[in-house]
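User: I'm new to this structure and would love a close look at one part of it: the sheets and the helices that go with them. Could you walk me through how they are put together?

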Amino acid sequence: MSSPLQALDQASNQAANPAATFDVAAVRADFPILREQVHGKPLVYLDNANTTQKPTPVLDALQHYYEHDNANIHRATHLLSERATKAYEGAREKVRRFINARESAEVLYTRGCTDGLNLIAQSFARSRLKAGDEILVSWMEHHSNIVPWQMVCEQTGATLKVVPITDDGELRLDELERLLSDRTRLVSIIHVSNSLGTITPIERIIALAHARGIPVAVDGAQAAAHLRVDVQALDCEFYAFSAHKMYGPSGIGALYGKRALLESMPPYQGGGDMIASVTFEKTTYNTLPHKFEAGTPNIAGVVGFGAAVEYLSGFDMQAIAAHEHELQARATAALEAINGVHVIGKAPRKAGVLSFVMDGVHPHDIGTILDREGVAIRTGQHCAQPVMDRYGVPATARASFAIYNTHEEIEIFARAVSKVGAMFG
Ligand SMILES: Cc1ncc(COP(=O)(O)O)c(C=O)c1O
């Protein structure tokens, strides 16, 4: 068996190298937090599927907004309100361009991916579902793409159906085809699995559903910062994602929806800004997208989101994907060379996530020991308990990669995991 470092070199030689042009040193300079020391060691941040770090342009945009423009939006006639409104709506246009939506009215601000999926469940699905109808999800969904559907099923008498996955963590397309039926009202599927890293064949899934006239919602939380997302090319009905996983602030995200559907859906929440007129006899609703944005929103968050999207737009998404793929290949090769380590999730198409377990070591112990080495990973169920059950493990350790991670960091990570093996072995 080769050593982890030999395995790293092998992986490096084997990898076609379109990522070579990616200037990771320049990228790192944009992220002040990467200069932190943890337990006296340089921070190696490999918990990016959980949340990403924030670059200076995002931090500056937040500070600038509060120092110069802070006011409520859409309401006042004064200059600051005008500037805040312009920043808020300008960010919507940046997000529209980033996902290639037809028009910015199809981009709704949400609290994040979870909020977006709940919006679809409570506005789109609840108003349409009846007893006997079915919603289809996959076995590798995050709880955010399971529980909102269970709730709406309870409310309406509909049933949740689950597409199984293979041992490698690939979606069973044959089973998806078998489960699609005249009763299926919506397919809601992950784009990239947060627990396994699998990139689902989302184009094929959408084509299969559309062939039966069934709309598709996509959970894009783990895809938006790692793959090129083009909602028009995908032709999905909905696409939900979170800013904090794409170098933006937490508590803000977006839901893309096709205009015709959004027009036909009842509001998600009632309150200020989402109305055209209110009387005790009858209230009428605002136009899109405001119909779905009740109350004072997270304006600063939106400004930061816009800055994050602008920052990401400065990169070639293919170069990002290639860079992260290479990190993943090197990390996988290194871990597989360590006795007792088992990688969970071996789909041929993966993005940025490496889950693993180690014989005789609880994942929480791996996480704790790695932390002492300065390496931040996540351990646990990753809000995907059915996936853990599918593999018969209580939890996994998960390293996840971003634009600022380096080959040296992968070596530090692999050495730290070897150390865990030596301590328990
Ligand atoms: C695949 C996936 N979907 C949904 C979510 C929920 O995202 P948020 O907590 O930002 O709403 C996550 C978060 O980890 C995720 O990984």
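Analyst: Happy to; what follows goes from one sheet to another, with the helices beside them. Please keep in mind that this is a predicted model, where local features need pLDDT of at least 70 and side-chain atom pairs count only at pLDDT 80 or more, while totals for chains, interfaces and linings use all residues. Residues are numbered from 1 along each chain as its sequence is written, and side-chain values use heavy atoms, with hydrogens and water left out.

Let's start with an open sheet of 4 strands, in the order β13-β14-β17-β16 and with antiparallel pairing. Strands here are DSSP runs of E with at least two residues, helices are runs of H or I with at least four, and both are numbered from the N terminus. Two strands pair when DSSP finds at least two bridges between them. At the edges are β13 (341–344) and β16, each pairing on one side only. On average, neighbouring strands of this sheet are turned by 30 degrees against each other, direction ignored.

Now go across the sheet strand by strand. β13 and β14 run antiparallel and are joined by 4 bridges, with Val341 opposite Met358 in β14. Strand β14 (residues 353–358) also pairs with β17 in the antiparallel sense, over 4 bridges; there, Val353 stands opposite Ser400. Strand β16 (residues 378–380) runs antiparallel to β17 and is joined to it by 3 bridges, and Arg378 has Arg398 in β17 as its bridge partner.

Is β17 buried or exposed? In strand β17 (residues 396–400), 5 of the 5 residues are buried, so this strand is largely enclosed by the rest of the structure. Buried means under 20% relative accessible area, exposed means over 50%, and partly exposed is in between (1.4 Å probe, protein chains only). Thr396, Arg398 and Ser400 are on one side of β17, Ala397 and Ala399 are on the other, and both faces are covered.

Which helices go with these strands? Helix α15 (residues 407–424) lies across β13, β14 and β17, running at about 15 degrees to β14. Axes are lines fitted to C-alpha atoms, for helices over the stretch in contact, and angles run from 0 to 180 degrees between N-to-C directions. Contact means heavy atoms within 4.5 Å.

Next comes an open sheet of 7 strands with mixed pairing, in the order β4-β10-β9-β8-β7-β5-β6. Its edge strands are β4 and β6 (159–163), and each pairs on one side only. From one strand to the next, the twist averages 20 degrees. Strand β8 (residues 216–219) and strand β9 (residues 238–242) pair in the parallel sense over 3 bridges, and Val218 has Tyr239 in β9 as its bridge partner. Against this sheet packs α4, which touches β4, β9 and β10 and makes about 115 degrees with the direction of β4. Helix α6 packs on the sheet too, touching β5 (134–138), β6 and β7, with its direction at about 145 degrees to that of β6.

The edge strand β4 (residues 107–110) deserves its own look. Val107 and Tyr109 point one way, Leu108 and Thr110 point the other way, and all are buried. β4 pairs with strand β10 (residues 253–257) in the antiparallel sense over 4 bridges, and the bridge partner of Val107 in β10 is Tyr256.

Both of those packing helices also meet another helix. Helix α3 (residues 56–69) and helix α4 (residues 79–99) pack at an angle of about 160 degrees, with their axes 10 Å apart. The two are therefore roughly antiparallel to each other; angles over 145 degrees count as such, while those under 35 are roughly parallel, 65 to 115 roughly perpendicular and the rest oblique. Tyr65, His68 and Asp69 of α3 make the contact with Leu80, Arg83 and Ala84 of α4.

For α6, the partner is α5. Helix α5 (residues 113–125) and helix α6 (residues 147–156) have axes that come within 9 Å and cross at roughly 20 degrees, and these helices are therefore roughly parallel to each other. In α5, Leu117, Asn118, Ile120, Ala121, Gln122 and Ala125 meet Pro148, Trp149, Val152 and Gln155 in α6. These residues divide into 7 nonpolar, 3 polar and no charged, where Ala, Val, Leu, Ile, Met, Phe, Trp, Tyr, Cys and Pro count as nonpolar, Asp, Glu, Lys and Arg as charged, and the others, Gly among them, as polar.
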